[in-house]
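Me: I am new to this structure and should be grateful for a close look at a single part of it. Please give one connected account, beginning with that part and then setting it in its surroundings.

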Amino acid sequence: MLDQLLNLVKENAQGAVVNNPAVPNEQNEAVMQAATASIASGLQEEMASGHAAQVVSLLGGTSTATDPQNPVVSRISGNFMDTLLKKFNLDAGSAGQIAGSLIPTVLGSLVKKTNDPNDGSFNLQGILNSLTGGKAQGMDLSGILGRLTSGGLDRDGDGDVDLQDIMGALSSGARQQQQEQPAGGGLGGMLKNLLG
C-alpha cells in the first residue's frame, strides 16, 4: 500500500513541494516520503485511537477528505506540519501551507481512487487490512458504510450494536499493528523502511 500511496503523493506534490521555493530541491523526495508516512501512520493512529468509524467514513467517501475541517484530515495535516517544522526546519507559515494543501489533496485523491470501481490501485478492504493487520478481512464494508451514513448505532432499537463491535475490532487491530512495528512486519516495517 505504501508504494502506491507514495506515488499518489508524488502525483499531487508538484505545486506544494516540488515547485515550492521553501523546500530545497534536494529535500523534495524526503518531504514526499514524510507526507506518505504521515498519512499512513496517521490513518493507523486514528483507527487505534478509537476513530475507526471516522476513518472508514473518510475512505469510503461518505465524509469529505478535502475538507480541512474534517477532524481526521486536520489531525494528519497537523502531524505532517510538525514533521516539516522539526525534521526539515521549515518556517511555520510554509509548513502550514504545505501540510494544509498537500494532505487534503492526497487524501481526496486516495478516496476518489478507492471508490472508483474502474481503478484497482486502492480498495477499502486492502487499505483497512494494511492498517489493522488483516482485521478487515471478510467484513461487509459496503454494509458498514451504509450504516455509518444512515446515522448512529441501533437506529431500529433492536439492541443490535454490532457496528460498534466491528469498529472496536478494527481499532484493536490497528493498535496491535502499532505494537508489532519494531519487529519490521506489516505497515510499521514498511514505514520504517520508507523513512530510513
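Reply: Thr-64 is located in the loop that joins α4 to α5. The model is a predicted one. With a relative accessibility of 46%, Thr-64 counts as partly exposed, because that class covers values between 20% and 50%. Apart from neighbours up to four places away in sequence, the residues in contact with Thr-64 are Leu-58, Asn-70 and Val-73. A further relation spans a longer stretch of chain: Thr-64 and Val-111 are 47 residues apart in sequence, yet their C-alpha atoms are 8.9 Å apart in space.

The helix before this loop is α4, which covers residues 52-59. Of its 8 residues, 6 are buried, so α4 is largely enclosed by the rest of the structure. The buried residues of α4 are Ala-52, Val-55, Val-56, Ser-57, Leu-58 and Leu-59. Leu-58 thus appears both among these buried residues and among the contacts of Thr-64. After α4 comes Gly-61, which has a positive phi, near 80°.

On the other side of the loop, α5 covers residues 71-87, and Asn-89 is found in the loop between α5 and α6. Most residues other than glycine have a negative phi. Asn-89, in contrast, is a residue other than glycine with a positive phi, near 55°. The relative accessible area of Asn-89 is 66%, and therefore this residue is exposed.

The next helix is α6, and Ile-103 is one of its residues. Ile-103 has a relative accessible area of 0% and is therefore buried. Leaving out neighbours within four places in sequence, Ile-103 is in contact with Ala-35, Ile-39, Val-73, Ile-76, Ser-77, Phe-80 and Ile-98. Val-73 in this list is also a contact of Thr-64, and hence a link between the loop and the surroundings of Ile-103 can be followed through Val-73. The C-alpha atoms of Ile-103 and Asn-12 are separated by 9.3 Å, although the two residues are 91 places apart along the chain.

Ser-109 also belongs to α6. Its relative accessibility is 17%, so Ser-109 counts as buried. Leaving aside residues up to four places away in sequence, Ser-109 touches Leu-8 and Asn-12. Asn-12 was named above for its C-alpha separation from Ile-103.

Two of the contacts of Ile-103, Ala-35 and Ile-39, lead to the packing of α3 against α6. Helix α3 is made up of residues 28-48 and helix α6 of residues 92-114; their axes come within 11 Å and cross at roughly 65°. The two helices are therefore roughly perpendicular to each other. The crossing of α3 with α6 is right-handed. Ala-35, Ile-39 and Leu-43 are the α3 residues in this contact, and they meet Leu-102, Ile-103, Val-106, Leu-107 and Leu-110 of α6. By class, the contact consists of 8 nonpolar residues, with no polar and no charged ones. The spacing within such a helix can be understood in general terms: an α-helix has 3.6 residues a turn, so residues three or four places apart point the same way.

Helix α3 also packs against α1, which comprises residues 2-12. The axes of α1 and α3 come within 9 Å and cross at roughly 125°. These two helices are therefore oblique to each other, and their crossing is right-handed. From α1, the contact involves Leu-2, Leu-5, Leu-6, Val-9 and Lys-10; from α3, it involves Glu-29, Met-32, Gln-33, Ala-35, Thr-36, Ile-39 and Ala-40. This contact of α1 with α3 contains 8 nonpolar, 2 polar and 2 charged residues. Ala-35 and Ile-39 take part in it, and they also take part in the contact with α6.

Gln-14 lies in helix α2, residues 14-18. At 42% relative accessibility, Gln-14 is partly exposed. Gln-14 and Leu-102 are 88 residues apart along the chain, while their C-alpha atoms are separated by 9.5 Å.

The whole chain provides the setting for these details. The protein chain has 10 helices and 0 strands. Of its 196 residues, 43% are buried. Among contacts between residues at least 6 apart in sequence, 65% join residues at least 24 apart. The accessible surface of the chain is about 9100 Å², and carbon and sulfur atoms account for 47% of that area.

Definitions and conventions:
Residues numbered from 1 in each chain as written. Predicted model: local features only at pLDDT ≥ 70, side-chain atom pairs only at ≥ 80, totals over all residues. Heavy atoms only, no water. Helix = DSSP H or I, 4+ residues; strand = E, 2+ residues; numbered from the N terminus. Buried < 20%, exposed > 50% of the residue type's maximum accessible area, 1.4 Å probe, protein only. Contact = heavy atoms within 4.5 Å. Areas by Shrake-Rupley, 256 points an atom, 1.4 Å probe, with all protein chains shown as cover. Axes fitted to C-alpha atoms, helices over the stretch in contact; angles between N-to-C directions. Parallel < 35°, antiparallel > 145°, perpendicular 65-115°, else oblique. Left-handed = near helix turned anticlockwise from the far one by under 90°. Nonpolar A, V, L, I, M, F, W, Y, C, P; charged D, E, K, R; others polar.
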